[in-house]
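Q: I would like a close look at one part of this structure, with some of its surroundings for context. Please start with the charged side chains and work from there.

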Amino acid sequence: MGEQNNQNKNNGGDLLKVRRDKLAELQAAGNDPYMVNTSSRDTLNKDISDNFEELEGKTVTIAGRIMSKRGKGKVMFMDLHDRSGKMQIFAKFDDLGEDTYKGLKKWDIGDIMECTGFVFKTKMGEVSVHATGVKLLSKSLLPLPEKYHGLKDVDLRYRQREVDLIMNPEVKETFVKRSKIVSTIRNIMDSKDFVEIETPVLNTIPGGASARPFITHHNTLDIDMYMRIATEIPLKRLIIGGMERVYEIGRIFRNEGMDVKHNPEFTTIELYQAYTDYNGMMDITEELVNKSCLAVNGTDQITYEGQEISLATPFKRMTMLDAVKEYSGVDFSEFMGDTEKAKEVAKELHLEVKSTDTWGNILAAAFDEYVEDKLVQPTFITDYPVEISPLTKRKGDNPLLVERFEFFVTGRELANAYTELNDPIDQRGRFEHQMMLREAGDDEANMIDEDFLTAMEYGMPPTGGMGMGIDRLVMLLTDSSSIRDVIAFPTMKPLANS
């Protein structure tokens, strides 16, 4: 907001100085608003509007931000906004007295005030509060953006979320819905006897996903540490320890690109349940998505960026092989495991192939290129190649595939789930393959986690696990086009002169 501040400071006789002079005048008169520690507010604006007949004629005290002033002489109207909405204040010289009324006239749009008065309707039929007493609670030293143009600059909205919320009240609803979605998810998980756990953010090995980590340094231990890229490994160690049903809703950090779907820090839920598989995870995922939608929208039929989406259960289920065959015309099951044939097909499909890629990598590349953006309605894609799923249990009837699904809607991945690998010998072999890829230059490949391998050797029960992006779910359920619209303070590059 540095550019906007500079504009304000040089606009029409130095608006900043005018407001600071008003503050100095109040302080000199012993009316420093910053010395007011609390408010006597007893009613929200929306409660007055919703219960007018009950409250008509009764005295209430409201508080909030002045968003408009109008009138002249000895009568003034003001719009006061609190978290619940707007209320009109009707103020008269005769009711407030000369000193109070003159002081009120000097207050600015953006100031925060308290008003005590009785509830009534104006001649125009607008529910209002007729002021009998007012108090300045805080002085706004910076002018708000001009009323009719508001705060439209997207970059400034994300940098100055507080001004965005003041000028664009609908933004608040997005974050209210986000809170309700998270609480709905927690209630569902708790009702299923899952235990919520907090796992470490700082780790000596970045495990549980294929992603580039943020690296930091612990001074006392004199070691580099990694901010977590997933919560998977510690949660699975708790499964081994006998907790059976665990989950975490928490922040994840990945040192990767930024776009409308990606922010370097984001929120996920990861959950693990012993004695079930990826089919059990599909059922839970359906419930979490469907009930979260009902909680904030009252229906499971929504619109996202102009597309009609049905989140009624059950969701469609397709294998990756079937999906690639349907959308690309190539049946990879006809040459299962044949990397040379897959590389020939990759050329025909114009797919980029690395020297280390095998049949499974190429199948996944074909899916990314030909299928993903076609999955508009909610769809589970199941049975992934083992090469891209180093923590997942193989299918009993086909060791080239694993019991994994990803959940797609509006052409975007929303959740990822496995029948968890519980064979420590197989797990070590896959970690070693990942280390080979890492040594070949893949800095997103997994490292060998000896502590986790040791834990697995004590015996891990058959387990299903699922991870879902909370931010992307909120985007879907609030019709938000960018992840920055649903993160209160998204990562931004600093302004040079802010």
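How many salt bridges does the count come to? After that, please look closely at the largest cavity and at the strand β18 that helps to line it.

A: The model is predicted, so the values below are computed from predicted coordinates. The count comes to 31 salt bridges. A few of them can be followed one by one before turning to the cavity.

Take E248 and R228, whose side chains meet with N and O 3.1 Å apart. The cut-off for a salt bridge is 4 Å, so this pair counts. E248 belongs to strand β10 (residues 245–253), while R228 sits in the loop between β9 (223–227) and α10 (232–240), so the salt bridge ties together parts that are 20 residues apart in sequence. E248 and R228 are each buried.

A second pair is R430 and D426, with a distance of 3.0 Å from N to O. Here the two partners share one element: helix α15 (residues 424–439) holds R430 and D426, four residues apart, or about one turn of the helix. Both of these residues are buried.

D373 and K374 form another salt bridge, and their closest N and O atoms are 3.2 Å apart. K374 has a relative accessible area of 42%, which makes it partly exposed. Salt bridges can also link up into a network, as is the case for R19, K22, D108, D111 and K139.

Now to the empty space. The structure holds two cavities of 30 Å³ or more. The largest cavity has about 70 Å³ of space. Its lining consists of Y304, V409, T410, R412, E413, L414, R472, M475 and L476. Two elements give two or more residues each to this lining, namely β18 (412–419) and α17 (470–478). Sorted by class, the lining has five nonpolar residues, three charged and one polar.

For comparison, the second largest cavity has a volume of about 40 Å³. Around the second largest cavity lie I205, P206, G207, G208, I233, F431, N446, M447 and D449. By class, this lining divides into five nonpolar, three polar and one charged.

That leaves β18 itself. The strand is mostly covered, as seven of its eight residues are buried. It has partners in β17 and β19. Strand β17 (residues 398–409) runs antiparallel to β18, and six bridges join the two. Within this pairing, F408 stands opposite E413 of β18, and E413 is among the residues that line the largest cavity. The hairpin of β17 and β18 has two residues between the strands, and T410 takes a positive phi near 55° there. T410 is also part of the lining of the largest cavity.

The other partner is strand β19 (residues 463–469), which is likewise antiparallel to β18 and joined to it by five bridges. One bridge with β19 pairs T419 with G464.

To put the pieces together: β18 pairs with β17, it pairs with β19, and it gives two or more residues to the lining of the largest cavity, as α17 does.

Methods:
Residues are numbered from 1 along each chain as its sequence is written. This is a predicted model: local features need pLDDT of at least 70, side-chain atom pairs count only at pLDDT 80 or more; totals for chains, interfaces and linings use all residues. Side-chain values use heavy atoms; hydrogens and water are left out. Buried means under 20% relative accessible area, exposed over 50%, partly exposed in between (1.4 Å probe, protein chains only). On a 1 Å grid over the protein atoms alone, a cavity is a set of points where a 1.4 Å probe fits but cannot get out, and a pocket is an open set with protein on both sides within 12 Å along at least five of seven lines; lining residues have an atom within 4 Å of a point. Grid points are joined across faces, edges and corners, and a volume is the space filled by probe spheres set on the points. Ala, Val, Leu, Ile, Met, Phe, Trp, Tyr, Cys and Pro count as nonpolar, Asp, Glu, Lys and Arg as charged, and the others, Gly among them, as polar. Two strands pair if DSSP finds at least two bridges between them.
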